[in-house]
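Colleague: Thanks for making time today. Could you walk me through a few local features, starting with the loops?

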Amino acid sequence: MPQATYLYSLTLAPNGNIIVTGQYKTYLDKAIMLELDISGNVQWAKTYDGGGSFFFLKKLGFLASGNIVVGGYSDMDSLVFLQLSPEGEPVFGKKYSYETTENKGFSTANALLPLEDGFLIGTGIQNKTPPSFTFDKGGILKTDLSGNLLWAKSYRDTTYGITDFVDGILRATDGSIWVNFSDIYHYNTQNTPPGWYNADTAPSFAIIDNDGNILWNKDYGDPTVSWQKQDFNFMSDSALVVVSEAFGIELMKLTRQGEGDCRERPLSIIVEDIQIGLNDFIMTVDTVAVQLIDFDLPVKDALVRSYNVCCDSLPDMDIYDAFLYYPCPDRNVVWLEICNNGVVPYAQDSLQIAVYDADPYKVAATLLDTFRLGELPNPGNDCKLYDIEVPISTTNELFFVLNPPAGLSPPFDPIYGFMGVAVPECDYYNNKDSIRLSIYDTVLDLGPDTILCPGDSLTLSESYPFLLFAWSDGSTDSLFTANELGTYWLEAVDRCGVVQRDSIMVDFDIPPSFDIGFDSITVCQDDSVYLKIPSIFKAYKWGDNVCCEFDISCDTCAGTLPFPIIIL
């Protein structure tokens, strides 16, 4: 019978496959681990029964030997730590329980860092005394290579008392150990910062020594959003924090000293030794069959809008819209709608716009022109519309960048707008927009040569995009009436300043005459009279009776009757 399975982590193994961990069975009293190839096919799958309840595995690490180390959770209050062979067979298993007079317990292993002399395991510590049941401290355990406990410490900030979980532990290239704390579940709002939500999550970072003591730490709480989960990793020169929260994904890029974000604040954290009970436990390991089903997964491109949360003292200039007003042979006229979504004004006459022939965030685009805007929109989502003349582009595209980074050649990362290379803004990613160009196709056309009937006239007209007019008689209006035989011409200047000329010939058509004979005819009863005219006309209408083709007949005629003809 299929069992309920919850998967908690996917980790890339050294052999290129994927190790998946989770929880198995209806009562969730077994942990599960699978190895999948890159196509998702199961290589092996095992369940682990620790003899307790609510048992699952979560955070993974790999040793040079190929063995797997994994941290998890058991019995609703204990931390577990296993070392397994590359095929998932147990090497050892350890369970850690909180041993003080306080009614406390651990959460799962949210962080795991293998070291040369052992392992660091990050977790949370829960107050199990009713009615709170809250996690109010972060915890780090240091073990030797066999999982025996070397030290255990709890961490709680002294300002707000809300450092609740250790969500990540990483070693930087310089060897320093970085810890990511989070602040979650503020059920008691008495100790939270003013204006914070009841369930804020704010990342705090610390560097610890080999004994778990804090060397440096800062907090980056944001009172305007509810953060829910953090993860972080190191780039070549800085720490990149990826934060998932209720309204999207937030990224923070920090220097190695934790600088570069407006929300940073010093934070004092209490570090306390805690007593941990350590028990070896024997696991029952079973190989399980896993049902594998391929399924179609619809994929759709996502529109992602990015913004900087440090907006309490910055402008935020935004190209809200850009579109081609009209092309010219030597330039293009573009409309840009510029807004200030920030809370402070941008210095008047100082906002620069750079125009490129390709995306300067991605490729080595060519700078076509730069210019500055005059009167700027006010803060608070005010917008203004600007029509500007920009160069032509051989790529048939134009890319506009507000406040371009000074001294940098494309491609350049928009993050430089935050780091002070250019004027600091709340959001630099919305400073770019682009348009596709079209060809200049304005043509002056008075129409084909025309033949008029006697007495008729022809009205000639031209309008926008032509602005200036000079007709053959010297008049300068956009309308002209032709009522005589002859050739008429117009010279006009369009909105691009291009002079064009066109002409039209007007002629008059004189209809031919014809004669059907006597003005009156006397006929005898039962006789017929046949009248005929040339078949050169478009339509015919006979008087008194209408008949077919070119003749008229009357079966009851008496005396002399007139037959007038009307030619149409």
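Colleague: Between which two strands does Pro-411 lie?

Modeller: Happy to start there, with the caveat that this is a predicted model, where local features need pLDDT of at least 70, side-chain atom pairs count only at pLDDT 80 or more, and totals for chains, interfaces and linings use all residues. Residues are numbered from 1 along each chain as its sequence is written, and side-chain values use heavy atoms, with hydrogens and water left out. Strands here are DSSP runs of at least two residues labelled E, numbered from the N terminus. Pro-411 sits in the loop between strand E30 (397-402) and strand E31 (432-436).

Colleague: Which form does the peptide bond from Pro-410 to Pro-411 take, given its omega?

Modeller: The angle to look at is omega, which is near 0 degrees for this bond. The peptide bond from Pro-410 to Pro-411 is therefore cis, omega being the criterion.

Colleague: Is Asn-403 buried or exposed?

Modeller: Asn-403 lies in the loop between E30 and E31, and its phi is near 55 degrees, a positive value in a residue other than glycine. The classes are buried under 20% relative accessible area, exposed over 50% and partly exposed in between, with a 1.4 Å probe and protein chains only. Asn-403 has a relative accessible area of 4%, so this residue is buried.

Colleague: And Asn-381, buried or exposed?

Modeller: Asn-381 is found in the loop between strand E28 (367-372) and strand E29 (382-390). Its phi is positive, about 70 degrees, although Asn-381 is not a glycine. With 53% relative accessibility, Asn-381 is exposed.

Colleague: Why is strand E26 described as largely enclosed by the rest of the structure?

Modeller: E26 pairs with E29 in the antiparallel sense over nine bridges; pairing requires that DSSP finds at least two bridges between the strands. Strand E25 (residues 317-327) is also joined to E26 by nine bridges and runs antiparallel, and E25 and E26 form a hairpin with four residues between them. E26 (residues 332-340) is largely enclosed because its buried residues number seven of the nine.

Colleague: Which residue in E29 is the bridge partner of Asn-340?

Modeller: On the E25 side, Met-317 stands opposite Asn-340 in E26. In E29, the partner of Asn-340 is Asp-382.

Colleague: Where is Tyr-464?

Modeller: Tyr-464 is partly exposed, with a relative accessible area of 47%. Tyr-464 belongs to the loop between strand E33 (458-461) and strand E34 (466-471).
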